Amino acid sequence: MNNIFDTHSHYTEHDFDEDRNELIPYMHENGVRYIMIAVSNLEDTAKAVKICEQYPYVYCAAGIHPECINNLSDNYIEKIRSAASSGYVKAIGEIGLDYHYEGFNRELMCDVFTKQIILANELGLPVIIHSRDACEDTLNILKKHIPHRGVVHCFSGSPETARQLLDLGLYISFTGVLTFKNARRSVESLKVIPTDRLMLETDCPFMAPVPYRGTRCDSLMIEKTAQKAAEVLNIDTQTLLDITCDNAVKFFNI
């Protein structure tokens with residue numbers, strides 16, 4: 001398989017410290033055309049940019065993950081704006097809402113999410129959206145502040161939610177979760193998504209697809225997710241990889 005575009009990865013994670021510089025070129029030589037690194041905070045963004053400087057086929061985002069909103073400086077938006085001026089930064093993200101763990105600050109989370117969408121629209125950059133156990137608030141914010149371009153990553157919502165996101169012009173991306181036995185809802189949602197709004201990702205080092213589930217994920221494993229998606233959509237796996245790669249190239253303006 002070739003023409004793989006991993007649209008959401010975390011190669012800044014310590015899981016890759018021992019072999020990052022060997023793994024990334026190896027994957028490129030074996031079918032991974034492009035990699036997008038999503039980030040959690042400004043420090044993560046700086047680390048991601050350094051990785052991008054080494055590899056012309058790796059790009060990154062800039063932004064604040066919803067689990068990293070505590071103790072933000074008053075000028076955090078200007079800091080993101082400055083980080084986004086790098087030519088390697090092709091998106092704002094990952095940004096969004098996460099209500100999974102107790103103790104979250106809903107008001108602050110929504111405010112930070114909204115301000116980063118506004119910034120992305122000002123800069124003409126797409127947004128990479130994280131939404132976990134927060135579907136209603138996510139949709140309400142997106143309807144009020146429609147992104148210039150946006151993708152909801154690691155989608156596991158219902159077909160109805162998928163349709164609402166599509167109506168807003170958003171893209172939807174799937175991880176290896178699509179291959180899990182309990183991913184029935186994701187499979188049903190995939191069926192309603194036009195192929196020109198579809199992207200694939202790993203969210204590595206997390207979310208390794210079957211048969212690698214439980215191991216460290218990397219971009220080459222997208223092949224298994226693509227095989228599952230192609231089976232559901234009744235098209236050839238390489239054709240799906242070509243389509244999703246083209247979608248991502250246009251989406252991230254590469």
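## A tour of Glu201 and the salt bridges

Select Glu201 together with its contacts (heavy atoms within 4.5 Å), and, not counting residues up to four places away in sequence, the viewer should show that Glu201 touches Asp6, Thr7, His8, His153, Cys154, Ser173, Phe174, Thr175, Gly176 and Ile222. This is a predicted model, in which local features need pLDDT of at least 70 and side-chain atom pairs count only at pLDDT 80 or more, while totals for chains, interfaces and linings use all residues. Residues are numbered from 1 along each chain as its sequence is written, and side-chain values use heavy atoms, with hydrogens and water left out.

Keep Glu201 selected and colour by secondary structure, where helices (H or I, at least four residues) and strands (E, at least two) are DSSP runs numbered from the N terminus. Glu201 lies in the loop between strand S8 (198–200) and helix H8 (222–233). Add His153 next, since the side chain of this residue makes a polar contact with the side chain of Glu201 at 2.9 Å; a polar contact is a pair of N or O atoms within 3.5 Å, where within protein one must be able to donate a hydrogen and the other to accept it, and residues adjacent in sequence count only if both atoms are side-chain atoms.

Which side chain of opposite charge is nearest to Glu201? It is Arg132, 13 Å away, and Glu201 is buried yet has no salt bridge. Here buried means under 20% relative accessible area, exposed over 50% and partly exposed in between (1.4 Å probe, protein chains only); for charge, Lys and Arg count as positive and Asp and Glu as negative, whereas His and the chain ends are not counted. A salt bridge is a side-chain nitrogen of Lys or Arg within 4 Å of a carboxyl oxygen of Asp or Glu, and by this rule the count comes to 8.

Move to Asp17 and Lys47, whose side chains meet in a salt bridge at 4.0 Å, N to O. This pair links distant parts of the chain, 30 residues apart, with Asp17 in the loop between strand S1 (4–9) and helix H1 (20–29) and Lys47 in helix H2 (residues 42–54). Asp17 is partly exposed at 40% relative accessible area, and Lys47 is partly exposed at 28%.

Select Arg106 and Asp137 next, a salt bridge with its closest N and O atoms 2.7 Å apart. Arg106 belongs to helix H4 (residues 106–123) and Asp137 to helix H5 (residues 135–144). Arg106 is partly exposed at 46%, whereas Asp137 is buried at 12%.
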